[in-house]
Amino acid sequence: MASDLAGVAAELNRMAAADHRATHRANSPDPAEQLAWRRLTAQHADRLDEIMDAHGWPTAELVGADAARAAWLIAQHADRQLDVQRRALRLMEQAAADGTADPRDLAFLRDRTLVNEGRKQIYGTQIAGVQDGAPVPWPCEDPEHMDDRRTEVGIPPFAEYTAQFPLA
């Protein structure tokens, strides 16, 4: 079992590294690049689904901190496989309730899943675009209290968080 989990950890880390190398393709003007990104994230989501079948949510205690973070990244980018993203969210919610998943990561995955379902996000982590040089979040529940909710899970206030990103 331990060697199996070591293999799962190594695989999750490899998938995250491939994701990082290919992220630029997600919004490429070249449709072939976008398709390559979609294929990669779909393959990764399929494999994460198999890992969740075998092990549940890959927590840091199970696969190590880096691989757990890699699993979250894969779930976060499973935008076109909402069933996998929803399942990861449910399992990660339980892990967070047990104290074995990062509430900050969970907030990002919850928002991403809500936006992909066409619903309002909670923490304002998902950006719809840039307007007048400023990032604009997708619609958010109770936006007046968004920064309070962000603080509760360890995410900086929206303005502070988005100030660190270059705007195109």
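Student: In this predicted model, which residue caps the N-terminal end of α6?

Tutor: The contact to look for joins a side-chain oxygen to the backbone nitrogen of Arg-104, and these two atoms lie 2.8 Å apart. The model is a predicted one, and in it the residue that supplies this oxygen, and that caps the N-terminal end of α6, is Asp-102.

Student: How many of the 14 residues of α6 are buried?

Tutor: The helix α6 reaches 20 Å from its first C-alpha to its last, which is close to the 20 Å expected at 1.5 Å a residue. Its buried residues include Asp-105, Leu-106, Phe-108, Leu-109 and Arg-112. The helix is largely enclosed by the rest of the structure, because the number of its 14 residues that are buried is eleven.

Student: Which elements do the buried residues of α6 pack against?

Tutor: Among the buried residues of α6 are Ala-107, Arg-110, Asp-111 and Val-115, so charged names appear in this list beside nonpolar ones. The elements against which the buried residues of α6 pack are α4, α5 (residues 82-97) and α8 (residues 158-162).

Student: What is the arrangement of the rings of Trp-72 and Phe-108?

Tutor: A search of the whole structure finds two aromatic pairs. In the pair formed by Trp-72 and Phe-108, the ring centres are 6.4 Å apart and the planes stand at 90 degrees; planes over 60 degrees apart count as edge-to-face, so the arrangement of this pair is edge-to-face.

Student: How many residues apart along the chain are Trp-72 and Phe-108?

Tutor: Trp-72 belongs to helix α4 (residues 65-76), whereas Phe-108 belongs to helix α6 (residues 103-116), and the pair thereby links distant parts of the chain. Both Trp-72 and Phe-108 are buried, and ring pairs link these two residues with Tyr-161 into a cluster. Along the chain, the separation of Trp-72 and Phe-108 is 36 residues.

Student: Which residues does Trp-72 touch, not counting residues up to four places away in sequence?

Tutor: Trp-72 is buried, with a relative accessible area of 8%. The C-alpha atom of Trp-72 is separated by 7.1 Å from that of Asp-105, although these two residues are 33 apart along the chain. With residues up to four places away in sequence not counted, Trp-72 touches Trp-57, Met-92, Asp-105, Phe-108 and Leu-109.

Student: Which element gives the largest share of the largest nonpolar core?

Tutor: This core has 35 residues, and those that touch the most other members are Leu-12, Leu-48, Trp-57, Val-63, Trp-72, Met-92 and Leu-109. Two or more residues come from each of α1 (residues 2-22), α2 (residues 31-55), α4, α5 and α6. The largest share amounts to eight residues, and the element that gives it is α4.

Student: With its neighbours within four places in sequence left aside, which residues is Met-92 in contact with?

Tutor: Met-92 is one of the residues that touch the most other members of the largest nonpolar core, and Trp-57, Trp-72 and Leu-109 are named with it there. Leaving aside neighbours within four places in sequence, the residues in contact with Met-92 are Trp-57, Trp-72, Ala-101, Asp-102, Asp-105, Leu-106 and Leu-109.

Student: Is Gln-76 buried or exposed?

Tutor: Gln-76 is found in helix α4. Beyond its neighbours within four places in sequence, Gln-76 is in contact with Gln-85, Phe-108, Leu-109, Arg-112 and Gln-126. The relative accessible area of Gln-76 is 4%, and residues under 20% count as buried, so Gln-76 is buried.

Student: What is the phi of Asp-132, in the turn of the hairpin formed by β1 and β2?

Tutor: The strands β1 and β2 run antiparallel and are joined by four bridges, with Gly-129 having Val-136 in β2 as its bridge partner. Two residues lie between the strands of this hairpin, and Asp-132 is exposed, with a relative accessible area of 80%. Most residues other than glycine have a negative phi. Asp-132, however, has a positive phi of about 55 degrees.

Student: Where is Asp-142, which has a positive phi although it is not a glycine?

Tutor: The phi of Asp-142 is about 45 degrees, and Asp-142 is partly exposed, with a relative accessible area of 35%. The place of Asp-142 is in the loop between β2 and α7 (residues 146-152).

Notes
Residues are numbered from 1 along each chain as its sequence is written. This is a predicted model: local features need pLDDT of at least 70, side-chain atom pairs count only at pLDDT 80 or more; totals for chains, interfaces and linings use all residues. Side-chain values use heavy atoms; hydrogens and water are left out. Rings of Phe, Tyr and Trp (its six-membered ring) pair if their centres lie within 6.5 Å; planes under 30 degrees apart count as stacked, over 60 as edge-to-face and the rest as tilted. Buried means under 20% relative accessible area, exposed over 50%, partly exposed in between (1.4 Å probe, protein chains only). The expected span of a helix is 1.5 Å times one less than its number of residues. Contact means heavy atoms within 4.5 Å. A polar contact is a pair of N or O atoms within 3.5 Å; within protein, one must be able to donate a hydrogen and the other to accept it, and residues adjacent in sequence count only if both atoms are side-chain atoms. A nonpolar core is a set of buried Ala, Val, Leu, Ile, Met, Phe, Trp, Tyr and Cys residues joined through side-chain atoms within 4.5 Å. Two strands pair if DSSP finds at least two bridges between them.
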